[in-house]
Amino acid sequence: MPNQAILPEVHALTPAMIALRQHLHAHPELSYEEFETSRLVAAKLREWGYEVHQGLAGTGVVGSLRKGRSGRVIGLRADMDALPILETSGLPYASRHEGKMHACGHDGHTAMLLAAGQCLARDIDFEGTVRLIFQPAEEGHVGARKMIEDGLFQLFPCDAVFAMHNWPGLPVGRFGFLAGPFMASADTVTIRIHGRGGHGAMPHDTVDPVVAAASLVMALQTVVARNVPPLDMGVVGVGAIHGGSSSSVVPASVELAVTVRALKNCTRDLLLRRIEELAHAQAQAYGARAEVLVSPNAFPVLYNHPRETALARGVVQDWLGDEGLVADMQPMTCSEDFSFMLQACPGSYLVMGNGEGSEGGCLLHNPGYDFNDTSLPYGATYWVKLVSTFLGTDD
């Protein structure tokens, strides 16, 4: 018996949606290499009557469909790329491309948006234009920014844009919304401590960058604790230290990789400034020199616009009631490059439950992760209902 919460049109497409999702899972492609995925998406959209544009950010696809006379336009975005992870799930549809894996559920995101797109084209009336945006390179490679730089919103203007991410640990059929800052900014800072290498038996003739780096690691722990107001969020974490190759050699340099996260732009600026100040001060204290490099592939704070978030939340409340909503949704310290799209266009980013415990599979970015197929029809139904609401049609 069909689940009464799922649109009948989506229910009819669910077996094909699952098959497509599992096909995508078996054939993952890394950032800016989503060639086959892009071709598959474009072919299906053309088959359903969408006007299709390919090539933004290399492999991006935008499908546009207009019905009625309204000038209103809604954009829906799904990411397509996989991660450089060796899959260990043992599933019959596990990755056939060694060292590449859909470990974040972008296979599910793509399948849900395609199923919604098919329903919207064939079965659903609305007044306005739907733009389905299939984005490459979300996984740390700022594909959203690249699409915008290539003219996304100039070529395909939208009144509002929305995106969704699956979330293991939340029940299937539950959706989370939060207006304002929802996900943290993310900066990667590389710090190189330059000293003077030499023989480990004669350290007095060297300037040891290892000692300076060790002191800097400890000093960085004070940045959040003694600079950020206690009610604000900030993360400064040293994830890697590289330097030296032998116990009897003082290396000439040491390199640190630091992640920096915040939910406010002023906090982000403060963290980056204090990291640079401490790096130079600590290095100088040991007679060394610091070089501080901030990666250009930074993610800004993901800010959900209040009006669009209220509308997106209202769709679930009208559809599933309060039981469909995540109560007391809190900001997250992870990051998303959809933040670039929200800087360029009003909109909102939401999360969708992908199951609790074993039902939801493993953690995101885990080599055993698998998207929960039972959540697919919920995501596709949500997209259809959001379009119907935004473009003036009630189911």
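**Group meeting: a cavity and a buried aspartate**

So, the largest cavity here comes out at about 40 Å³. Before I go on, keep in mind that this is a predicted model. If you put the cut-off at 30 Å³ or more, the structure holds one cavity.

Okay, who lines it? Going along the sequence, you've got Arg 77 and Ala 78, then His 109, Met 112 and Leu 113, and then Met 164 and Trp 383. Sort the lining of this largest cavity by class and you get five nonpolar residues, one polar and one charged.

Which elements each supply at least two residues of that lining? Those are strand 3, residues 73-79, and helix 3, residues 106-122. Helix 3 gives the largest share, with three residues.

Let's stay on helix 3 for a minute, since Asp 107 has its place there too. Is Asp 107 buried or exposed? Well, its relative accessibility is 1%, and buried means under 20%, so Asp 107 counts as buried.

Now, what does the side chain of Asp 107 make polar contacts with? One partner is the side chain of Arg 21, at 3.0 Å. Another is His 25, where a polar contact of 2.9 Å joins the two side chains.

And the wider neighbourhood: leaving out residues up to four places away in sequence, Asp 107 touches Arg 21, Leu 24, His 25, His 102 and Phe 371. So when you pull up the model, have a look at Asp 107 with Arg 21 and His 25, and then at the cavity lining that helix 3 contributes to.

Key:
Residues are numbered from 1 along each chain as its sequence is written. This is a predicted model: local features need pLDDT of at least 70, side-chain atom pairs count only at pLDDT 80 or more; totals for chains, interfaces and linings use all residues. Side-chain values use heavy atoms; hydrogens and water are left out. On a 1 Å grid over the protein atoms alone, a cavity is a set of points where a 1.4 Å probe fits but cannot get out, and a pocket is an open set with protein on both sides within 12 Å along at least five of seven lines; lining residues have an atom within 4 Å of a point. Grid points are joined across faces, edges and corners, and a volume is the space filled by probe spheres set on the points. Helices (H or I, at least four residues) and strands (E, at least two) are DSSP runs, numbered from the N terminus. Ala, Val, Leu, Ile, Met, Phe, Trp, Tyr, Cys and Pro count as nonpolar, Asp, Glu, Lys and Arg as charged, and the others, Gly among them, as polar. Buried means under 20% relative accessible area, exposed over 50%, partly exposed in between (1.4 Å probe, protein chains only). A polar contact is a pair of N or O atoms within 3.5 Å; within protein, one must be able to donate a hydrogen and the other to accept it, and residues adjacent in sequence count only if both atoms are side-chain atoms. Contact means heavy atoms within 4.5 Å.
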